[in-house]
Amino acid sequence: MGDSGRAASRTAVLVCQGRAAAHGRAGTERFSDAVAARLLHDAERWPVDEVRADSAPKGWQERTRYESVRACAEVVVPRTIAIDDALRTHATGQLVILGAGLDARAWRLPELARTDVWEVDHPASQQDKQARLTGAGARLGGPGDGVPPSPRQPEHSGLQVLARSVRFTPVDFAVDDLGTALAAHGHDASAPTTWLWEGVVPYLTREQVRATVSALAARTAPGSALVVNYQAPSARATAGRLLTRLLGSSITSGEPWRSLWRPEQMAALLLEHGLRVVSDDDLLSLAQALTGPAHRRASLRSGRVAVAESG
């Protein structure tokens, strides 16, 4: 447990496992994440190794974990590629990652060399990530409680940050103000910002989503962009998650979806706050464009990545 009695996000671990499982075997050269495996504990790596070896275990619980990681790997590949492409296209000197979890972009994207990165997350999840980074050999601390610029180190010496800086910004949205926290960690509201909101929206209520959009819009200067991943309504996908929650057969069964958005609803919400959607694609279409037919059609069809620009 961390602050406020809340444990670190298990969904973040599953996504990290999915990225590690897909690295080097995703069926497309456009996906790569060599950092993900280094952030996993030993007990979290075995289902990754089995997925990579296409070796399904026989035990019920073990098979459930295996299938969860395998399904996640299929989802994160098109999602990651779409988001990385958007970050390259809409690059600014400031990148704020909302609900950063175990995101490793600051450690794997050389395009962030001139970008300051703010990782915003619940204190419990952020403490867990920092412990994992330390275990992987990353150096923490410095200005803004982040990772300051440093000379490039040999590969064997530890995990090297590629962004200009990383500033860990703990925020408990139940009690903390996003704008105040970012300002305290050096974010410049007068300069363009790229906002990344991946894998978080479904776990928030509609009121929490609206409040977060309002808070980030208040710190969004002209020339900024928002990249947001969200889930559209899908009876099949919702039923599947409900079943795993009732059975307790998923490591994320305690983290239910709380809001789903149709594309026109998301576009209207963002436009209310001065953000105009310029693209909005479902993951199934993205996956088919990358590697052809996809197996997890329901989860891919309902997942979406939208990009919006400020005026």
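Let's start with a ruler check on helix 1: at 1.5 Å a residue, its 13 residues should span 18 Å, and the end C-alpha atoms sit 19 Å apart, which agrees. Keep in mind as we go that what you're looking at is a predicted model.

Now zoom out for a moment. The protein has 11 helices and 8 strands. It runs to 311 residues, and 51% of them count as buried. If you take the contacts between residues at least 6 apart in sequence, 70% join residues at least 24 apart. We'll meet some of those long-distance partners below.

Back to helix 1. How many of its residues are buried? The count is 12 of the 13, so the helix is largely enclosed by the rest of the structure. If you'd like to find them, the buried ones are Thr11, Ala12, Val13, Leu14, Val15, Cys16, Gln17, Gly18, Arg19, Ala20, Ala21 and Ala22. And what does the covering? The surroundings of these buried residues include helix 2, helix 3, helix 4 and helix 5.

Have a look at the two ends as well. At the N-terminal end, Ser9 acts as a cap, with a side-chain oxygen 3.2 Å from the backbone nitrogen of Thr11. Just after the helix, Gly24 takes a positive phi of about 80°.

Next, follow helix 1 to one of its neighbours. Helix 1 and helix 2 pack at an angle of about 35°, and their axes are 9 Å apart. The crossing is right-handed. On the helix 1 side, the contact is made by Arg10, Val13, Gln17, Ala20, Ala21 and Ala22, while helix 2 brings in Glu44, Pro47, Val48, Val51 and Arg52.

Two residues in that contact deserve a second look. Arg10 forms a salt bridge with Glu44, where the closest N and O atoms are 3.8 Å apart. Arg10 belongs to helix 1 and Glu44 to helix 2, so the pair ties together parts that are 34 residues apart in sequence. Their surroundings are worth noting too: Arg10 is partly exposed at 33% relative accessibility, whereas Glu44 is buried at 9%.

That's one of 21 salt bridges in the structure. For another, go to helix 3, which covers residues 60–89. Here Glu67 pairs with Arg70, with the closest N and O atoms 2.8 Å apart. These two are 3 residues apart in the helix, which puts about one helical turn between them. Why does that spacing matter for direction? An α-helix has 3.6 residues a turn, so residues three or four places apart point the same way. Within this pair, Glu67 counts as buried at 19% relative accessibility, and Arg70 counts as partly exposed at 33%.

A third bridge takes us away from the helices. Arg164 forms a salt bridge with Asp116, and the closest N and O atoms lie 3.2 Å apart. This pair links distant parts of the chain: Arg164 is in the loop between strand 3 and strand 4, Asp116 is in strand 2, and the two are 48 residues apart. Asp116 is buried at 15% relative accessibility, while Arg164 is partly exposed at 33%.

Salt bridges can also join up into something bigger than a pair. In this model, Arg19, Asp33, Arg79, Asp84, Asp103, Arg105, Arg108 and Glu198 are linked in a network of them. Arg19 should ring a bell, as one of the buried residues of helix 1.

Now slide along to Ala163, in that loop between strand 3 and strand 4. Is Ala163 buried or exposed? With 4% relative accessibility, Ala163 counts as buried. Its contacts, leaving out residues up to four places away in sequence, are Ala106, Leu112, Ala113, Thr115 and Val117. The C-alpha atoms of Ala163 and Glu111 are separated by 7.8 Å, even though the two are 52 residues apart along the chain.

Our last stop is Gln94, in strand 1. This residue is buried, with a relative accessible area of 7%. Which side chain makes a polar contact with the side chain of Gln94? The partner is Thr193, at 2.9 Å. Setting aside residues up to four places away in sequence, Gln94 touches Thr115, Asp116, Trp118, His187, Asp188, Ala191, Pro192, Thr193 and Thr194. Asp116 on that list is the salt-bridge partner of Arg164.

Key
Residues numbered from 1 in each chain as written. Heavy atoms only, no water. Salt bridge = Lys/Arg side-chain N within 4 Å of Asp/Glu carboxyl O. Helix = DSSP H or I, 4+ residues; strand = E, 2+ residues; numbered from the N terminus. Buried < 20%, exposed > 50% of the residue type's maximum accessible area, 1.4 Å probe, protein only. Expected span 1.5 Å × (residues − 1). Contact = heavy atoms within 4.5 Å. Polar contact = N/O pair within 3.5 Å; in protein donor to acceptor, adjacent residues only side chain to side chain. Axes fitted to C-alpha atoms, helices over the stretch in contact; angles between N-to-C directions. Left-handed = near helix turned anticlockwise from the far one by under 90°.
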